[in-house]
Amino acid sequence: MFQTLYSYFWWERLWLPANLTWADLEDRDGRVYAKASDLYITLPLAFLFLIVRHLFETYVATPLAGLLNVKEKVRLKATPNAVLEKFYAATSKHPKQADVEMLSKKSGCTVRQVERWFRRRRNQDRPSLLKKFREASWRFTFYLIAFIAGMAVIVDKPWFYDLREVWKGYPIQSMLPSQYWYYMIELSFYWSLLFSIASDVKRKDFKEQIIHHVATIILISFSWFANYVRAGTLIMALHDSSDYLLESAKMFNYAGWRNTCNNIFIVFAAVFIITRLVILPFWIMHCTMFYPLELYPAFFGYYFFNFMMVVLQSLHIFWAYLIIRMAQKFITGKVVEDERSDREETDNSEEEEEVAKNGPLSNGHPVLNNNHCKTD
């Protein structure tokens with residue numbers, strides 16, 4: 001049974017153009033080709049990445065956060081309450097008004113006290129600023145190194161300048177050691193992101209992030225199996241070109257360097273839109289969709305690879321929408337923040353009550369100039 005499934009899975013017509021077999025991609029005469037077994041190393045490397053990440057965040061990112069004066073907000077803790085805690089853990093973190101009134105009666109608290117308790121309790125579960133900074137630092141470091149390494153791998157290759165060279169001689173294209181390690185490291189890193197996603201900072205696009213990581217792993221793996229290595233290296237380098245800018249903007253945002261953050265973000269937005277919405281669809285995807293058909297008839301692998309590229313491109317359009325929203329805030333003079341972030345809540349109801357009674361307050365005292373607004 002297993003052998004039958006194995007044979008169907010590796011059927012040449014799924015992975016290779018017509019009239020070609022796996023025997024054509026066997027190493028010979030000093031020429032080495034990509035093999036599926038090469039990817040086994042990526043799983044232990046992924047766990048090695050998790051260990052390196054822990055050490056990096058502990059001994060590099062944390063001291064760096066101290067140097068940049070990354071400060072935590074003072075969070076008011078919710079007072080212990082068994083009734084409210086049970087509802088929070090088992091039913092909902094965001095109770096409806098009817099639930100609030102019911103909990104008020106059960107717990108002996110006022111409606112306002114129940115609402116305040118849930119706000120503070122949700123804040124307790126939100127990731128700390130230091131955790132966000134450490135995560136951004138790790139990703140910035142990897143994406144920057146990966147981008148530099150990727151450019152070193154492809155910048156001297158003819159297919160970097162002429163995309164038709166991507167398919168010249170396909171699939172009988174031998175693999176270089178630099179291409180091998182570029183693939184193994186990139187795939188291992190995305191495996192590590194998938195393994196750690198449950199413990200990483202969760203944002204509003206959590207599901208989209210999972211889809212992105214899975215699609216990326218499938219694309220990298222498939223492009224290796226089918227020897228789409230030249231196209232794969234171009235796609236990976238293109239993606240890394242903007243990711244490190246976003247992570248550096250986050251780092252400066254967490255450090256309170258607003259102007260630096262905003263300036264880097266604008267550069268990131270421009271690079272993201274040019275690479276993901278212009279170069280990727282109109283150059284790279286055009287290359288993977290049309291040029292191969294000039295050499296061989298379409299086969300399953302051709303359709304599958306380009307379908308996964310469309311999935312990635314759809315995610316890019318979704319994220320571009322969020323980026324444009326943030327750019328609009330920057331242009332209008334508002335503070336740029338990550339649209340995907342779950343914002344920390346404040347006890348606005350208490351503040352509004354005090355304002356109604358005593359006028360605007362600053363540290364518990366009325367302020368003379370009430371033209372300034374409080375930002376969260």
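The exercises below, each with a worked solution, concern a predicted model of a protein chain.

**Exercise 1. Overall make-up**

State how many helices and strands the protein chain has, what share of its residues is buried, and how its contacts are spread along the sequence.

Solution.
- Step 1. The chain holds 13 helices and two strands.
- Step 2. Of its 376 residues, 44% are buried.
- Step 3. Take the contacts between residues at least 6 apart in sequence: 78% of these join residues at least 24 apart.

**Exercise 2. The second largest pocket**

Describe the second largest pocket by its volume, its lining residues and the elements that supply them.

Solution.
- Step 1. The volume of the second largest pocket is about 720 Å³.
- Step 2. The lining consists of 25 residues, and those closest to the pocket centre are Phe-9, Trp-10, Ala-36, Ser-37 and Phe-225.
- Step 3. Two or more lining residues come from each of helices H1 (2–9), H2 (12–15), H3 (42–67), H8 (177–196), H9 (206–225) and H12 (300–331).
- Step 4. The element that gives the most to this lining is H9, with five residues.
- Step 5. Sorted by class, the lining of this pocket has 20 nonpolar, three polar and two charged residues.

**Exercise 3. Cavities**

Find how many cavities of 30 Å³ or more the structure contains, and describe the largest and the second largest.

Solution.
- Step 1. The search of the whole structure gives three cavities of 30 Å³ or more.
- Step 2. The largest cavity has a volume of about 160 Å³. It is lined by 15 residues, of which Thr-216, Ile-220, Ile-235, Met-236 and His-239 are the closest to its centre.
- Step 3. At least two residues of this lining come from each of H8, H9, helix H10 (229–254) and H12. By class, the lining of the largest cavity has eight nonpolar, five polar and two charged residues.
- Step 4. The second largest cavity has a volume of about 60 Å³. Its lining is made of Trp-159, Gln-173, Ser-174, Met-175, Gln-179, Asn-227, Val-229 and Arg-230.
- Step 5. The lining of the second largest cavity divides into three nonpolar, four polar and one charged.

**Exercise 4. Aromatic rings**

Characterise the pair formed by Phe-265 and Phe-268, then list the members of the aromatic cluster that includes Trp-15.

Solution.
- Step 1. A pair of aromatic rings is described by the distance of the centres and the angle of the planes.
- Step 2. For Phe-265 and Phe-268 the centres are 6.0 Å apart and the planes make an angle of 45°. Planes under 30 degrees apart count as stacked and those over 60 as edge-to-face, so this pair is tilted.
- Step 3. Both residues belong to helix H11 (residues 258–290) and are three residues apart, about one turn of the helix.
- Step 4. Phe-265 has 3% relative accessibility and counts as buried; Phe-268, at 3%, also counts as buried.
- Step 5. The search of the whole structure finds 35 aromatic pairs. One aromatic cluster is formed by Trp-15, Trp-167, Tyr-170, Phe-222, Phe-225, Tyr-228, Tyr-296, Phe-299, Phe-300, Phe-304 and Phe-305.
- Step 6. A charged side chain is also placed over a ring: Arg-164 lies over the face of Tyr-291, at 4.2 Å from the ring centre.

**Exercise 5. The surroundings of Tyr-302**

Is Tyr-302 buried or exposed, and which residues does Tyr-302 touch?

Solution.
- Step 1. Tyr-302 is part of helix H12.
- Step 2. Its relative accessibility is 8%; buried means under 20%, so Tyr-302 counts as buried.
- Step 3. Leaving out residues up to four places away in sequence, Tyr-302 touches Tyr-228, Thr-288, Met-289, Pro-292 and Leu-293.
- Step 4. Tyr-228 is 74 residues from Tyr-302 along the chain, and their C-alpha atoms are separated by 10.0 Å.

**Exercise 6. Backbone exceptions**

Locate the cis peptide bond between Tyr-170 and Pro-171, and compare the settings of Asn-69 and Asn-227, whose phi values are positive.

Solution.
- Step 1. Most residues other than glycine have a negative phi, and most peptide bonds are trans.
- Step 2. The bond joining Tyr-170 and Pro-171 is cis, with omega about 0°. Pro-171 sits in the loop between helix H7 (129–154) and H8.
- Step 3. Asn-69 has phi near 60° and lies in the loop between H3 and helix H4 (82–90). With a relative accessible area of 44%, Asn-69 is partly exposed.
- Step 4. Asn-227 also has phi near 60°, and its place is the loop between H9 and H10. At 2% relative accessibility, Asn-227 is buried.
- Step 5. Asn-227 appears as well among the residues that line the second largest cavity.

Note on methods: Residues are numbered from 1 along each chain as its sequence is written. This is a predicted model: local features need pLDDT of at least 70, side-chain atom pairs count only at pLDDT 80 or more; totals for chains, interfaces and linings use all residues. Side-chain values use heavy atoms; hydrogens and water are left out. On a 1 Å grid over the protein atoms alone, a cavity is a set of points where a 1.4 Å probe fits but cannot get out, and a pocket is an open set with protein on both sides within 12 Å along at least five of seven lines; lining residues have an atom within 4 Å of a point. Grid points are joined across faces, edges and corners, and a volume is the space filled by probe spheres set on the points. Helices (H or I, at least four residues) and strands (E, at least two) are DSSP runs, numbered from the N terminus. Ala, Val, Leu, Ile, Met, Phe, Trp, Tyr, Cys and Pro count as nonpolar, Asp, Glu, Lys and Arg as charged, and the others, Gly among them, as polar. Rings of Phe, Tyr and Trp (its six-membered ring) pair if their centres lie within 6.5 Å; planes under 30 degrees apart count as stacked, over 60 as edge-to-face and the rest as tilted. Buried means under 20% relative accessible area, exposed over 50%, partly exposed in between (1.4 Å probe, protein chains only). A charge sits over a ring if NZ of Lys or CZ of Arg is within 6 Å of the ring centre and within 35 degrees of the ring normal. Contact means heavy atoms within 4.5 Å.
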